[in-house]
Amino acid sequence: MGIRFQIPRKALLVRFLMHPAGKILLTLTVLLGTLSLGTFTFYYLRYSRLIDRKLNIGPFQNTSMIFAGPPVVSAGDSLTADEVVNLLRRSGYSESRTNPLGWYHLRPDAVEVFPGPDSYFDQEAGVIRFSGSRVSQIISLRDNTQRTQYMLEPELITNLFDKNREKRRLVAFQDIPKELVNAVVSAEDKRFFQHSGFDPLRIIKAAYVDLREGRKEQGASTLSMQLARSLWLDQRKTWRRKAAEVLITLHLEQKLTKEQIFEYYANQVDLGRKGSFAIRGFGEAAQAYFAKDIRDLTVAEGATLAGLIQRPSFTNPIRWPDRARGRRNVVLALMRENGYISDQDYAAAASSPLTVVRGGGGSSDAPYFVDLVNDELQERFQDHDFQTSSYRIYTTLDLNLQRDANEAVRIGLQEVDQQLQRRRKRNPNLPEAQVALVALDPLTGEIRALIGGRNYGVSQLDRALAKRQPGSAFKPFVYAAALEAALQGRLPDFSPLTTVVDEPTTFWFDDKPYTPGNFKEEYRGTVTVRQAISKSMNVPTVKVAEMAGYDSVVDVARRAGMNLRIQPTPAVALGAYEVTPIEVAGAYTVFANQGVHVKPYWIRLIRDDKGRIMHNYTPQTEAVLDPRVAYEMVDLLQEVMRSGTAAGVRGRGFTLPAAGKTGTSRDGWFAGFTSKLICVVWVGFDDNQELGLEGARSALPIWTEFMKRAHQHREYRNARSFEPPDGIVMVEIDPLTGGLATSACPKPQLQAFLAGTQPVETCRLHGGGVLTATQISGWETPSAEGKAGPVVQARVQQRQSAQAGQSASAAKPQEQSKPKEGKKSLFRRFLDVFK
């Protein structure tokens, strides 16, 4: 029996290490450990420098911001303190006095407003006081004096998107509602505020579930790891990327607080797409899906957004509302499980409907308008990088009107689509009708709303900039040229009562024939100019253009801002030369603005990243028409709405003083205005094929729907009647005879004439009667308010004479009122007009 010696393991290890093979292994182990530590240190330092550099300059690209026009609060407005606070919050104000944009203080009966150094305004702080639901008083805190108006901070429309068409709206952690924070951590990382970047329990659970299911079913990434991956790494799933993710996560947890990590995550997370844009961050998602400021989200809405993180395309609430609702309720259940909401809160939120804002590009961010702004920035300011600098671009857009425009287009296109259904049955390849809408302020030229198509997500082509034939929407410039010629003595007998024969006619120009036809080839014989424009007759319009001179027509159109491609031919009278809807809207300012053309614009002010003003737009105006000619055109265009092709405006319930003109070419047009707004609508096909619907059946319903909505807002509510300038005579006319109306005429109309061109004969059709009132603008008799002019009434009471030319002599008994000192009386000056 041999003796077995027991050698201690430590001794064996020592003896092995003393052996040459052991020494080699030890050396390799040390080298490998040193190499691993060195590699770890190298990559950790490398990524830490990368992270620090990006955090120092800001992890998100500092793209420029585009703002809407500033809302105006006026004394007497129907407005509550809560509504003003909501406007301030939507524009970025808060109750924190350190907010660089501005802050507010809510009192029981007032709101104090304090613009900050980053504000749009260089104006004083103010107090807006309320009595009930009205603004009772506005006080400037600079000198404690009253103001009639106070402008609030403009609301952010959007950040300029980058080449990847990603949009984000940066938010601070303190602006993120607690309900949204709880929803996110419940859905993605419930121990986020406890762990140091990695959640061992979640990793073990994920591994167990994956092994049990035989496939990757669970994710173990924390919010910190997701942020590391999305900000600094690509999406390829390799061991190298995973190792880098771990290193970046370690450094983020050391460098930043949990609140900072969550804030960066909240601004970076992918939350799907809307239209052609990728939505980044909860701030943009709140606007895109709910049209809300992030601070106003409900529990259910916060859970909806948190539910998008896992599979944003699959659960997109616009495309897949049922999926989004189901995922929302899963998140709500997790919130209840984690103790963030009660059973009662869960039941209320889970049973609430999923209500999202629909539309191709969002109803409030005006994608076509943003493109218009962006294009001008690139064209006019080529030396400035708006994509990577924090410029502030303040525009003319009115967000309320923009929402009205979106809704009017949606409703109007449904009507257009219904009318096209029969054609679509015969031709299944018939494209969808497209649309453009431009609304601007007639006094300043500011574009207040703009639609460039029915769905920005499908097509980014801006039809507001597309050149198309305006058809009859151009005709007012023909008649304006003729009235201008009459005023200048080149066409002395021309007036709205001038008669033209409406019959098939061939016009010769440059040795070439031109034979226009009327709509449905209907002809009315002898008609007045007023009838010709109100019923949109083609042949009489070309005859009027021939009388005025085609060159004169083109000259008026070009002075009104239309492009130089318009040529002096007979076809110009019927709108055969292409213009854009923006051009038409700008051209109509000459009618709405007493003959003054105002160039349309959409950028008011630009501040650079230091807050310095680098561009401040001044409206460009030019007197184009004599105010008297402009007013006569307004009167004729009011007739179009009263009895002509645009009478449907009144039938659809829009009753404010307005004027406008339909247009039909291959497309449908309507251009019209009140004293507050000009709006032009175009409807047609992109491929320029025939729409087959007149402007009265395609564009007019959209125009009417928009104007009805727009004029409910306090800024546009009090649209007034158009005031005649000096030198305009308002005469009551019998529309059947064109003579001066008497008390026996059943339907007299008050019509405008250049002084001296009004009729002098009384109506011969309706028997005897007394002459009705004549209004002459510009005489010095005080008005009812005690001020001079502008309209004075001189009533002539006389019996109608059946003989021509007896109107003046019938008035001779009134001459006894002539003053003895030889100065002509008011009445005598009225009679002189007829000489």
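Which residue takes a positive phi in the hairpin of β14 and β15? In this predicted model, the residue is Gly445, with a phi near 85°. The hairpin has six residues between its two strands.

Strand β14 covers residues 434-440, and β15 covers residues 447-451. The two strands run antiparallel and are joined over four bridges. One of the pairs links Ala439 with its bridge partner Ala449 in β15. Strand β14 also pairs with β26 (residues 678-684), again in the antiparallel sense, over seven bridges. Here Leu437 has Val681 of β26 as its bridge partner. Seven of the seven residues of β14 are buried. In a regular strand, side chains point alternately to the two faces of the sheet. On one side of β14 the buried residues are Gln434, Ala436, Val438 and Leu440, and on the other side they are Val435, Leu437 and Ala439. Both faces of the strand are thus covered.

Two open sheets of five strands were also examined. Strands of a sheet pair through backbone hydrogen bonds, in either a parallel or an antiparallel sense. One sheet has the strand order β9-β1-β13-β21-β22, and its pairing is mixed. Its edges are formed by β9 (156-159) and β22 (613-616); each has a single partner strand, so one side of each is left without a neighbour in the sheet. From one strand to the next, the twist averages 15°. Within this sheet, β1 (residues 65-67) and β9 are antiparallel and share three bridges. Ile66 has Thr158 of β9 as its bridge partner.

The other sheet follows the order β3-β4-β5-β6-β7, and its pairing is antiparallel. Strands β3 (102-107) and β7 (146-147) stand at its edges; because each has a single partner strand, one side of each lacks a neighbour in the sheet. Strand β5 (residues 126-131) is paired with β6 (residues 134-140) over six bridges. Among the residues involved, Ser131 has Arg134 of β6 as its bridge partner. Helix α3 (residues 81-90) lies across β3, β4 (110-115) and β5, and runs at about 165° to β3.

Two helix pairs were described next. The packing of two helices is given by the angle between their axes and the distance between those axes. Helix α14 (residues 399-419) and helix α24 (residues 695-710) have axes that come within 8 Å and cross at roughly 150°. The two helices are therefore roughly antiparallel to each other, and their crossing is right-handed. Residues of α14 in the contact include Leu401, Ala405, Val409 and Leu413, while those of α24 include Arg697, Pro701, Ile702 and Phe706. By class, this contact has eleven nonpolar, three polar and six charged residues.

The other pair consists of helix α4 (residues 178-188) and helix α11 (residues 321-337), which pack at an angle of about 95° with axes 9 Å apart. This angle makes α4 roughly perpendicular to α11. From α4, the contact involves Glu179, Asn182, Ala183, Ser186, Ala187 and Glu188. From α11, the contact involves Arg327, Val331, Leu334 and Met335. The contact of α4 with α11 has five nonpolar, two polar and three charged residues.

Key:
Residues numbered from 1 in each chain as written. Predicted model: local features only at pLDDT ≥ 70, side-chain atom pairs only at ≥ 80, totals over all residues. Heavy atoms only, no water. Pairing = 2+ DSSP bridges. Axes fitted to C-alpha atoms, helices over the stretch in contact; angles between N-to-C directions. Parallel < 35°, antiparallel > 145°, perpendicular 65-115°, else oblique. Left-handed = near helix turned anticlockwise from the far one by under 90°. Contact = heavy atoms within 4.5 Å. Nonpolar A, V, L, I, M, F, W, Y, C, P; charged D, E, K, R; others polar. Buried < 20%, exposed > 50% of the residue type's maximum accessible area, 1.4 Å probe, protein only.
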